[in-house]
Amino acid sequence: MKKIQFDQLVIHDYEEKTFHLPLHSHTYYELVYIHKGSGIHLLNNNRFQYGEGDLFIISPEDEHYFKINKSTHFTFIKFTDLYLSEHSQHTVDNFNLYEPVRIMKNKLLKEVKLKIDEPPNAILRNIIENIVLYKFSKDISRSALIFYQIRSILVLISEAAAKLHIRIDNGQPGKEELISFIHQHIYQPSIIQIKNIAAHFSIANSYFSDYFKKSLV
C-alpha cells in the first residue's frame, strides 16, 4: 500500500489504540513523534520498541507500521519535495535545500533508534507542540515559522546522528576514497569485508552493496 499526498504539508495529531493503517509507504516524507504510549515500530526490516519522546523519520523509499501495545499519542509531520523547494529562500549555506532530503533518506538512520537526550529532547517536545498549535492555520504550508520549526527538528536529528557517528552531510565516500581504503588494507581480508567497509564509512549494510557498485563501476 502506498499513500499519496498532494498537499505540500500536512500535520496529523491524534491518539489511538490500534494503528489505522497496514504496512505502507508514502510519496512524501514523514516525521513521527511519540507523545506517550508504547509498542513496536516496524520500519523496513527493522523492529524498534517505541515510547514517549521517540522520533522516527520516514522517506518515500521506506515501509512502516506501528504495532500499538499501549494507547499512543502520535504527531505526524508530512511534507513533500515541493514543500522544501517552495521554502528554498529560507535556507542558508550550511543547511541548504538538499540537507533535509539527505537526512530523511539516510538509510543508516533507519537501522538504529535515534537517541535524543535532554535538554534537546525537551526542545524537540516544545517544537512539536508549537507545530501542533499552529496546524489549523490556513496557510501552514507557506509559513516560514513552521518551516524553521521543522528545520530545527532536522538539526536535532543531525546532532543525534553525529553522536552515533552517522555521517549525513555529504559523508558518503567517493570512488577514490573507497579505492584508497581497500588498497591500504588489501592484505587484511577481514577489514575489507563489506560489513567492515560499511562500518568504517558509516553506510548501512543493506545499502552498501548497491552504493559500492555505483561508485566503482
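Which strand does His41 lie in? I would like to start from that residue, and I should say at once that what we have above is a predicted model. His41 is in strand E4, which covers residues 29-43. Its relative accessibility is 0%, and because the cut-off for buried is under 20%, His41 counts as buried. Its side chain makes a polar contact, at 2.9 Å, with the side chain of His64. If we leave aside the neighbours within four places in sequence, His41 is in contact with Asn46, Arg47, Phe48, Tyr50, Phe56, Ile58, His64, Tyr65 and Phe66, and several of those names will come back when I turn to the rings.

Let me step back to the whole chain. The protein chain has seven helices and seven strands, and if you read from the N terminus the order is β-β-β-β-β-β-β-α-α-α-α-α-α-α. There are 217 residues in the protein chain, and buried residues make up 46% of them. The chain exposes about 11,700 Å², with carbon and sulfur atoms supplying 52% of that area. Of the contacts between residues at least 6 apart in sequence, 71% join residues at least 24 apart.

Where do the strands give way to the helices? Thr80 is in the loop between strand E7, residues 64-79, and helix H1, residues 81-86. Thr80 has a relative accessible area of 11%, so with the limit for buried set at under 20% it is buried. Not counting residues up to four places away in sequence, Thr80 touches Gln5, Asp7, Gln8, Tyr28 and Tyr29.

Now to the aromatic rings, where the count comes to 17 aromatic pairs. One of them is Phe19 with Phe76: the ring centres are 6.4 Å apart and the planes are at 35 degrees, and since that angle falls between the limits of 30 and 60 degrees, the pair is tilted. This pair links distant parts of the chain, with Phe19 in the loop between strand E2 (9-16) and strand E3 (25-26) and Phe76 in strand E7, 57 residues apart. Phe19 and Phe76 are both buried. Another tilted pair is formed by Phe79 and Tyr83, at 6.1 Å centre to centre and with 50 degrees between the planes, and here too both residues are buried.

If we follow the ring pairs further, they link Tyr14, Phe19, Phe48, Tyr50, Phe56, Tyr65, Phe66, Phe74 and Phe76 into a cluster. Phe76 has a further partner of another kind, in that the charged end of Lys78 sits over the ring of Phe76, 5.6 Å from its centre.

That brings me to the nonpolar cores. In soluble globular proteins, nonpolar side chains tend to be buried together. Here, the largest nonpolar core has 35 residues, and those with the most contacts inside it are Leu31, Ile77, Phe79, Ile153 and Ile157. The elements giving two or more residues to this core are E2, E4, strand E6 (55-58), E7, H1, helix H2 (98-105), helix H3 (120-134) and helix H4 (144-163). Which of them gives the most? That is H4, with nine residues.

Ile77 is worth tracing with the structure open: not counting residues up to four places away in sequence, it touches Leu9, Val10, Ile11, Tyr29, Glu30, Leu31, Ile128, Ile131, Ile150 and Ile153. There is also a second, separate core of 13 residues, which includes Val32, Phe48, Phe66 and Phe76.

Ile128, which we just met as a contact of Ile77, is in helix H3. At 1% relative accessibility, Ile128 counts as buried. Leaving out residues up to four places away in sequence, Ile128 touches Tyr33, His35, Thr75, Ile77 and Ile153. Ile128 and Asp13 are 115 residues apart in sequence, while their C-alpha atoms are 10.0 Å apart in space.

I will finish with Ile166, which lies in the loop between H4 and helix H5, residues 175-184. Is Ile166 buried or exposed? With a relative accessible area of 7%, Ile166 is buried. Its C-alpha atom is separated by 7.7 Å from that of Leu109, and the two residues are 57 apart along the chain.

Methods:
Residues numbered from 1 in each chain as written. Predicted model: local features only at pLDDT ≥ 70, side-chain atom pairs only at ≥ 80, totals over all residues. Heavy atoms only, no water. Helix = DSSP H or I, 4+ residues; strand = E, 2+ residues; numbered from the N terminus. Buried < 20%, exposed > 50% of the residue type's maximum accessible area, 1.4 Å probe, protein only. Contact = heavy atoms within 4.5 Å. Areas by Shrake-Rupley, 256 points an atom, 1.4 Å probe, with all protein chains shown as cover. Polar contact = N/O pair within 3.5 Å; in protein donor to acceptor, adjacent residues only side chain to side chain. Phe/Tyr/Trp six-rings, centres within 6.5 Å; stacked < 30°, edge-to-face > 60°. Lys NZ or Arg CZ within 6 Å of the ring centre and 35° of its normal. Core = buried A, V, L, I, M, F, W, Y, C linked by side-chain atoms within 4.5 Å.
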